[in-house]
Amino acid sequence: MHDTKVKLSDVVERHTLTVLVDNEAGVLARVVGLFSGRGYNIESLTVAEVDPMARTSRITIVTSGTPQVIEQIEAQLGRLVVTHNVTNWTAAEAGIEREMALVKVAGTGEKRVEALRMADAFRARPVDTTHTSFVFEITGNPAKIDSFIELMRPLGLVDISRTGVAAISRGPEAM
Amino acid sequence: MDKDDTLQGAALTAEAAPESMIQAMTGAEMVIRALKDQGVTHIFGYPGGAVLPIYDALFKAEGLVHVLVRHEQGAVHAAEGYARSTGKPGVVLVTSGPGATNAVTGLTDALMDSIPLVVLTGQVPTHLIGTDAFQECDTVGITRPCTKHNWLARDVNELSRILHEAFQIATTGRPGPVVVDIPKDVQFQTGAYHGPELVRHRTYRPRLDPDLGSVVRAVEMMAKAQRPIFYTGGGIINSGPEASKLLRELVDLTGFPVTSTLMGLGAFPASRPEWLGMLGMHGTFEANNAMHDCDVMICLGARFDDRVTGRISAFSPGSTKIHVDIDASQINKTVRVDLPIVGDATRTLREMIRFWKAGRHQADKAALADWWKQIGQWRTRNSLAYRPSGTVIKPQYAIDRLYELTKDREVYVTTEVGQHQMWAAQRFKFEEPNRWMTSGGLGTMGYGLPAAVGVQMAHPDALVIDIGGEASVQMTMQEMSTAMQYDLPIKIFILNNEYMGMVRQWQELLHGGRYSHSYSEALPDFVKLAEAFGCVGLRADKPQELDDKIREMIDVKKPVLFDCRVDPAENCFPMIPSGAAHNEMILAEIDDGPAISEAGKMLV
């Protein structure tokens, strides 16, 4: 049943949505085109096939908007013919959100030691090491990755690659 | 027919598919077979290289009438007219590249107005896709935002499933256009054809039945209402004629006033006392004021379009709003409502009536009498009045005469877009659904003439009139040739004011009377043009000759281009200026109405 009452607010909120869709040709274009065509934001987007037998893909989108816009986004996503279901992890479901990032830091001497020490504190793992650089792999919620990147910035940050958010529900139930 | 019953039926039979239902044939033959299995009798189309195998299969097919248009946009609008006047899906067959891109305007039009269409496009062979081949375009890419759904059929064994799903998706839930793009090699290949009873879509399950608890609450709100109004829309028409019957019954039970959007005209009879006329930018004084002042608004199958609401912040500020729509995404889209009901209009109206009766509800008669008294006062403003003339034909007079002289016939009206469209909507009185075909959401000039072709194909004995303007009809004028080819006696009633009248009106009201490029200095002689097409041309210049000329138009058994020369300076009133509220209308002959604000000028 459609959610009836959304509070009237002009406050822009960030929401994480997951859409389970049929993995057919052009499905990502449908979702992305919906966002661009209606002027919605995409802050991050992650997509991969999750069930080859059922041919379903899971798309996780971090978006922002007023509660009214978020409600519209959910309704518009739900209306796509390829959509199985839409879940809003921020508003409704108790979910876990994780993102992975690869962070390259170049430098020598004190900064290099400090970068490694910080990485250890964040449980970021060096996956490539040279005499003058590290590539760290870090996993966590987006805020944790943000703060790690900020800490790396003065220590010789040269490149960042982020996967975007993946989300799943807590407890034994499926989405 | 209950749409989801067919879905359930399909599910039952799909489990035990007899071999006889699966047959081998070519992709092109599958297209023809699927159309027949879906009950299609008419196709509007235009051949080309990438659909030749389908046209070859069509050549041998019986029981399918193909209407050869003169431009693919005409094919889509004709299919829209066909669909809207019959309740059946319109089917279009066009080639790749320009065939597909020419169809885009019609697809967008159908999407905006929720018209069920199945558009089949040819595509270059699969091995040439992506190579910039001759007449190649990314049809599914281009049409993705202007269809309810679309497919590229790369595998002949998937083709029949896709075709049947296409019909199901186009016609159920909120109807809309779909595109099936079929590469030429797939049309030649042989594969397994599955009948429609074997196909069930994996995910698509439109919600049709309303939540009964919400219906009960809606009925209770209606019973307590002091100043209620039914605000009805195209959803009533799309739901089928039963919805219009049920709406009448609900009004019988409640005695509430009814207004309608442009798309919903005919769902409720214009002759009934509860009818307030159309609402919105060019709606009646009584309809818009009743919307503004109501305390309970029951919106049935309408979507709070900007042409209806005026300034959102001032839209019906004191009312409790009930919104029934088959499409959940329309709820709370622009106007926040108090009670949303997602469901089909027919089913929801049926439940509303059932609970109204079961609850032994009565409308608040005393309050309703006061409300009707207030509405009666608004009506005395006679907001559709105009200054008559004995020397020039006023466009309003032309519509009135056209209505009076045709009202006793089985008449279908299509329109182009602009002033004439609004005058037709205000003045032509519709008693039944499916008699009024107009481009509401997209506002496509050039819609009405080809739409009339489609309507006349479906209703060969009816009187089909396109009320047009001289600017709009020139956009698709070539379809007169189609009308000639198929002996379709459509009547193109052109209110010729030599201007793009609505553009001229806005330039007068908003841009200081600077009529920038809204005057057609060189117009064709429409009478001679008619003769060139082989049809009949008529012209009326004086009010005195209008009736006889209209009668002549009706009596001629050929297509007619009627050049009705009207007052070029006439404006369409009443009008809610952009950015204004429902109770801030400009009325005819009262020119000191609220000026359009700077913010309003930014709006369209």
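1. Salt bridges first: in this predicted model, chain B and chain A are joined by three salt bridges. One that you can look up straight away pairs D22(A) with R202(B), and there the closest N and O atoms are 2.4 Å apart.

2. Polar contacts come next. Between chain B and chain A, 11 residue pairs are in polar contact, counting pairs in which both residues have pLDDT 80 or more. On the side of chain B that touches chain A, the elements giving two or more residues are β6 (149-152) and β14 (339-342) of chain B. That side of chain B is made up of seven nonpolar, nine polar and 10 charged residues.

3. How much area do chain B and chain A bury between them? The figure is about 2100 Å², with 49% of it on carbon and sulfur atoms. If you want residues to click on, try R144(B), R202(B) and R336(B): together they supply 31% of the area that chain B buries against chain A, more than any other three residues. R202(B) is also the salt-bridge partner of D22(A). In terms of contacts, 26 residues of chain B meet 24 residues of chain A.

4. Now to the folds within chain A. One open sheet there has four strands in the order β2-β3-β1-β4, paired antiparallel. β2 (44-51) and β4 (83-88) of chain A are at its edges with a single partner strand each, so one side of each has no neighbour in the sheet. From one strand to the next, the twist averages 20°.

5. Within that sheet, β1 (residues 13-22) and β3 (residues 56-65) of chain A run antiparallel and are joined by 10 bridges. As a landmark, T18(A) has T60(A) in β3(A) as its bridge partner. Helix α1 (residues 27-37) of chain A packs on this sheet and touches β1, β2 and β3 of chain A, its direction making about 10° with that of β3(A).

6. Another open sheet of four strands in chain A follows the order β6-β7-β5-β8, with antiparallel pairing. Its edge strands are β6 (125-129) and β8 (157-169) of chain A, each pairing on one side only. Neighbouring strands here are turned by 15° against each other on average, direction ignored.

7. Strand β5 (residues 95-106) of chain A is linked to β8(A) by 10 bridges, and the two run antiparallel; A101(A) finds its bridge partner in R162(A) of β8(A). Helix α3 (residues 110-121) of chain A packs on the sheet against β5, β6 and β7 (133-140) of chain A, at about 20° to the direction of β7(A). Helix α4 (residues 142-152) of chain A lies across β5, β7 and β8 of chain A and runs at about 160° to β7(A).

Notes
Residues numbered from 1 in each chain as written. Chains lettered and ligands numbered in written order. Predicted model: local features only at pLDDT ≥ 70, side-chain atom pairs only at ≥ 80, totals over all residues. Heavy atoms only, no water. Contact = heavy atoms within 4.5 Å. Buried area = accessible area lost by both parts, 1.4 Å probe. Salt bridge = Lys/Arg side-chain N within 4 Å of Asp/Glu carboxyl O. Polar contact = N/O pair within 3.5 Å; in protein donor to acceptor, adjacent residues only side chain to side chain. Nonpolar A, V, L, I, M, F, W, Y, C, P; charged D, E, K, R; others polar. Pairing = 2+ DSSP bridges. Axes fitted to C-alpha atoms, helices over the stretch in contact; angles between N-to-C directions.
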